[in-house]
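Please work through the exercises below with the sequence and the structure open beside you, and try each task before you read its solution.

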Amino acid sequence: MSHFKEALLLMKERFLTILALGAIIITPIYLFNQVFVNYLYRYYGSMDLFFIADFFHVILILTGLSVAQIPFIELAYRDVMGEDIRFKDGIRSFMEHVFPVYVMGLIYAVLSAVGGLLLILPGILIAIWFFLFPYVAVIEHQHWWKGYKWAFSIGKKYFFKLLLVVLLYGLFEMIVGTVANVVTLLLTERLLVVTLVQLVLSYVFVPLFTFLVTYYYIDWNGGPETYREGSYAEQQEFGYY
């Protein structure tokens, strides 16, 4: 079974749990980003400085995504390890990791945005090399410098595979999102309805993507057997592998 099918299966089996976590965690992040982004484009657009609005938009997206993935990484990890998948575990993991992941995400987002602003290639390299730091935080319990270091080691080793996963899923999300928006606009032009449809879609897109990447991340580190005796990062540090 492919990891995408596994992610879809987990979505199906734990749909209500995922929906509840999305409503609590994704909703405020999404709405904050929407309000702030609209303000940025209105303000900087009036001065024809759209590139500044784009810069801050990238920062908001990457930071928000980093934080929003936390509970769903926990759910996917527990699924792989054969443990119970409970709503409270997602909330517990979020509360445990949200502050370091937020700060790390903000730094990561700024560096990626600056790299993309100067030249496109540095932005892409930074974004992919350090993309997995929320997964390292939740699964390996490694934050700050150690978290960045471990994320970089995996991101660099599997750069093209990770890039391909991100690009293909991005294409899938774009196609589905575009179709949903077109259908919505054919039925109504009310901005509130369009925004609500996009919000509901994020309840699916974010968890599904997170599950997919979590499955790949665990595979790249040797599979679930590697984690039976603790995090893979700690085993590497103490020379168990």
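## Exercise 1: Two residues with positive phi

Trp144 has a relative accessible area of 41% and therefore counts as partly exposed. Keep in mind throughout that the model is a predicted one.

Task: Determine in which helix Trp144 lies, and state about what value its phi has.

Solution. Begin with the position along the chain, where Trp144 is found in helix α8. Then turn to the backbone, where the phi of Trp144 is positive, at about 55°, although this residue is not a glycine.

Task: Decide whether His141 is buried, partly exposed or exposed, and find the loop in which it lies.

Solution. First locate the residue: His141 belongs to the loop between α7 (133-140) and α8 (144-157). Next, compare its relative accessibility of 44% with the limits, where partly exposed means between 20% and 50%; His141 is therefore partly exposed. Finally, look at its backbone, where phi is near 60°, a positive value in a residue other than glycine.

## Exercise 2: How two helices pack

Task: Describe how α4 and α5 are packed, using the angle and the distance of their axes, and name the class of this arrangement.

Solution. Two packed helices are described by the angle between their axes and the distance between the axes. For helix α4 (residues 70-80) and helix α5 (residues 87-118), the axes come within 8 Å and cross at roughly 130°. An angle between 115 and 145 degrees falls among the oblique ones, and α4 and α5 are therefore oblique to each other. Their crossing is right-handed. The residues that meet are Ile70, Pro71, Glu74, Leu75 and Arg78 on the side of α4, and Asp89, Gly90, Arg92, Ser93, Phe94, His97, Val98 and Val101 on the side of α5. Sorted by class, this contact holds six nonpolar, three polar and four charged residues.

Task: Carry out the same steps for α2 and α10, starting from the angle at which they pack.

Solution. Helix α2 (residues 15-45) packs against α10 at an angle of about 120°, and the two axes are 9 Å apart. From this angle it follows that α2 and α10 are oblique to each other, and α2 passes α10 in a right-handed crossing. Among the residues of α2 in this contact are Ile18, Leu19, Ile26 and Tyr30, while those of α10 include Leu199, Tyr203, Val206 and Phe211. By class, the contact has 10 nonpolar and six polar residues, and no charged ones.

Task: Find the angle at which α4 and α10 pack, and say which classes of residue make up their contact.

Solution. The angle is about 50°, with the axes of α4 and α10 lying 9 Å apart, and these two helices are therefore oblique to each other. The crossing of α4 past α10 is right-handed. On the α4 side the contact involves Phe72, Ile73, Leu75, Ala76, Tyr77, Asp79 and Val80, which meet Val206, Pro207, Thr210, Phe211, Thr214, Tyr215 and Ile218 of α10. The classes are 11 nonpolar, two polar and one charged.

## Exercise 3: The nonpolar cores

Task: State how many residues the largest nonpolar core has, and identify the helix that gives the most to it.

Solution. In soluble globular proteins, nonpolar side chains tend to be buried together. Here the largest nonpolar core has 63 residues, and those with the most contacts inside it are Phe72, Phe131, Leu132, Tyr135, Phe211 and Tyr217. Helix α10 (residues 191-220) gives the most to this core, with 14 residues. A second core, separate from that one, has five residues, including Leu40, Tyr44, Ala53 and Leu60. To see the surroundings of one core residue, take Tyr135, which touches Gln69, Ile73, Glu140, Phe209, Thr210, Val213, Thr214 and Tyr217 when residues up to four places away in sequence are not counted.

## Exercise 4: Sequence and space

Task: Find how far apart Leu9 and Leu208 are in sequence and in space, and do the same for Gly82 and Gln198.

Solution. Leu9, which is found in helix α1 (residues 3-13), is 199 residues away from Leu208 in sequence, yet their C-alpha atoms are 9.8 Å apart. With a relative accessible area of 35%, Leu9 is partly exposed. Gly82, in the loop between α4 and α5, is 116 residues from Gln198 along the chain, and the two C-alpha atoms are separated by 32 Å. Because its relative accessibility is 67%, Gly82 counts as exposed.

How values were computed: Residues numbered from 1 in each chain as written. Predicted model: local features only at pLDDT ≥ 70, side-chain atom pairs only at ≥ 80, totals over all residues. Heavy atoms only, no water. Axes fitted to C-alpha atoms, helices over the stretch in contact; angles between N-to-C directions. Helix = DSSP H or I, 4+ residues; strand = E, 2+ residues; numbered from the N terminus. Parallel < 35°, antiparallel > 145°, perpendicular 65-115°, else oblique. Left-handed = near helix turned anticlockwise from the far one by under 90°. Contact = heavy atoms within 4.5 Å. Nonpolar A, V, L, I, M, F, W, Y, C, P; charged D, E, K, R; others polar. Core = buried A, V, L, I, M, F, W, Y, C linked by side-chain atoms within 4.5 Å. Buried < 20%, exposed > 50% of the residue type's maximum accessible area, 1.4 Å probe, protein only.
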